[in-house]
Amino acid sequence: MTSEDLRELVSQTPQEPIRGKKPKLDDFTDYLEDGAKTVHTDEFKQALADWADQERELITDPDYIKEQTQTLKGVRALFGEYREVYMSGAREDGSKPKNLPPLETAKIIYSVLKVIKLDNQNGLLGIYNPELGIYETNEPFFHRLIYWLEPTYNLARSKEVLFKLETLSSIKQQTTEPHLIPVKNGIFNKKTQKLEPFNPKYIFTSTIATKYNAQAKVPNIKGWHVDDWLLDLMSGDKELVQLLWQIISASTNGNYSYRKGAWLVGKGNDGKGTFQSLIMNLIGRENVASVKVEQFSERFALSQVVGKTCIIGDDSQVSYLDNAGNYFSVVTGDPVPVEAKGKQPTLAVFNKMVIQSTNFLPKFRNKSNGTYRRMLIVPFNKSYTTETDNWKIKDDYIKRPEVLEYVLKKALSLNFERFTEPKATQELLEEFKITNDTVLSFVSTDFQEFVSDFLPTTFITAYYQAWCEVEGVKPFSKREFELKLPDHIKEEWEKTRQRSNNAGFNRAIDLHRAEEMPKFRALFYWDDEKHKQPVKGYKRKRKK
């Protein structure tokens, strides 16, 4: 190789910038033999300014910023360089700065890291964490970044920086693509079944603690296999096992809503808790919000959901839900108000799997089809005894990395748009509709025993209210009942106005049976005169 070739090769090779040392005042001080010294202040200031200009050009270079911000350790070091350059300068009055002003601190964070507002102007502040591949939304993380830049700030001063960051930031929508899942070691693409590197263009706010391992195999632990265990949990129902895998898969994605909340229902000692623990271990307990269904309406409860991947409410004991609005809004990915103690309320969208476990399903005040569409009921009918309950499964097996990596690999291999609803799930939902709605329950039981071809509206309403007293349940109001009843009987009955004696109201059987209930006798009065008058009611349709 000639000297000319060598020079050409050197010219084409990227060169690291040569960084000069920060000038020291000592370097510009002359010491005389008699002990006196001369300080060349102007020269020192100029050298310091030249050094600061050179450093500023380097640390603001986009390539250098990208290189330094791959880790939080690099971010902290870069912040130190920014601070040193600023502190080496002079303020307008010529004095040396004592600390970074809040606005300057905010500008540095904004220039070094990705800073956004989530979804809308009233949304949460998000700052990109390069190590996790997510946008952090928690204040402790923000205050740590600020401390790295200016350790002299108190809490009020630090919050002033956050205020300025919120003003600087632009609005970005969260990534809600169901095929992109942030995991411990990257972003898994379910469409390509490949692991991709973290990328700030994806707006994720939560992640999971398990890494994706394409080589993971099903572990055999002294004859125990996770697949066989799930089949045993579901008493051999393969459709329910498939649903469990879908729930696990949905739980790993904290950025997409499948618009259904899972309800794990069993009598106890049935494996619900162990299945939940498997999901918690997979995601990382620090990434799971523990919120029971009855807590969703509490003022500060939803603040703990921020930055979490999944919501699990363990052992809910509530029997009636008067206000489930926030619960269903979270299930369907609609905006909800979020307020932490001592902080301003904001609006947030949580696209997360919501799982509740209970020994019995609560009754909901809202009994519309919208309530039932959002419910996914999974029966846990297995009953483990002292002899059949293997404690090692919960205490050991489902905590092992090889088990979790296999579970994650299998869960992420599933591509589905909607949950499958096995026969057992559908049957439980139909049973729940009846127990949850007193009108439907009434129609499904006593109403079926009427022999009349015509039933006066006042008779049915009084019968229903008396029936509710006997059953020990709260009835709908007269107006609500008469609005809801037609939807449940429209296949066999039609509204009309007729004379009861000609239309087929059977007093001998139906009225006699109703009068056996004391409350009915107090609510309903009927005589021969009324029997002949036209009244509103329901006529049984003739069979074609």
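Where does Lys-352 have its place? In this predicted model, Lys-352 belongs to the loop between β15 (346-348) and β16 (353-358).

## Two buried lysines

Although Lys-352 is part of a loop, Lys-352 counts as buried, because its relative accessibility is 4% and the cut-off for buried is under 20%. Once its neighbours within four places in sequence are set aside, Lys-352 is in contact with several residues, among them Thr-205, Ser-206, Asn-253, Tyr-256, Lys-308 and Val-330. Lys-352 and Leu-168 are 184 residues apart in sequence, and their C-alpha atoms are 28 Å apart in space.

A second lysine, Lys-117, is found in strand β3, which covers residues 115-118. Lys-117 has a relative accessible area of 3% and is therefore buried. Apart from its neighbours within four places in sequence, Lys-117 has contacts that include Gly-123, Leu-124 and Leu-125, and also Glu-166, Ser-169, Ser-170, Ile-171 and Lys-172.

## The largest pocket

The largest pocket holds about 990 Å³ of space, and 41 residues line it, of which Leu-124, Thr-137, Asn-138, Glu-139 and Phe-142 lie nearest its centre. The elements that give two or more residues to this lining are β5 (134-136), α6 (139-149) and α7 (155-168), and α7 gives the most, with four residues. When the lining residues of the largest pocket are divided by class, 16 are nonpolar, 14 are polar and 11 are charged.

Why does the largest pocket lie between domain 1 and domain 2? Domain 1 (15-114 + 137-159) and domain 2 (226-383 + 412-432) both give residues to its lining, so the pocket lies between them.

## The second largest pocket

The second largest pocket contains about 500 Å³ of space. Its lining is made of 23 residues, and those nearest its centre are Asn-269, Asp-270, Gly-271, Thr-274 and Asp-389. At least two lining residues come from each of α8 (226-233), α10 (272-283), β12 (310-316) and α13 (391-395), while the largest share, four residues, is supplied by α13. By class, this lining has six nonpolar, nine polar and eight charged residues.

## Helix α8 and its buried face

Helix α8, which helps to line the second largest pocket, has Val-226, Trp-229, Leu-230 and Leu-233 as its buried residues. Seen down the axis of α8, these buried residues fall within an arc of 100°, so they line one face of the helix. The buried residues of α8 pack against α9 (238-251), α10, α13 and α14 (401-412), and two of these partners, α10 and α13, also supply residues to the lining of the second largest pocket.

## Positive phi angles

Just after α8, Ser-235 takes a positive phi of about 55°. Gln-193, in the loop between β8 (186-189) and β9 (194-196), has a phi near 55°, a positive value in a residue other than glycine. Lys-222, whose place is in the loop between β9 and α8, likewise has a positive phi near 55° and is a residue other than glycine.

Is each of these two loop residues, Gln-193 and Lys-222, buried, partly exposed or exposed? Gln-193 is partly exposed, because its relative accessible area is 29%, whereas Lys-222 counts as exposed, because its relative accessibility is 73%.

Key
Residues are numbered from 1 along each chain as its sequence is written. This is a predicted model: local features need pLDDT of at least 70, side-chain atom pairs count only at pLDDT 80 or more; totals for chains, interfaces and linings use all residues. Side-chain values use heavy atoms; hydrogens and water are left out. Buried means under 20% relative accessible area, exposed over 50%, partly exposed in between (1.4 Å probe, protein chains only). Contact means heavy atoms within 4.5 Å. On a 1 Å grid over the protein atoms alone, a cavity is a set of points where a 1.4 Å probe fits but cannot get out, and a pocket is an open set with protein on both sides within 12 Å along at least five of seven lines; lining residues have an atom within 4 Å of a point. Grid points are joined across faces, edges and corners, and a volume is the space filled by probe spheres set on the points. Ala, Val, Leu, Ile, Met, Phe, Trp, Tyr, Cys and Pro count as nonpolar, Asp, Glu, Lys and Arg as charged, and the others, Gly among them, as polar. Domain bounds come from an automatic or database domain assignment. The arc is that of the directions from the helix axis to the C-beta atoms.
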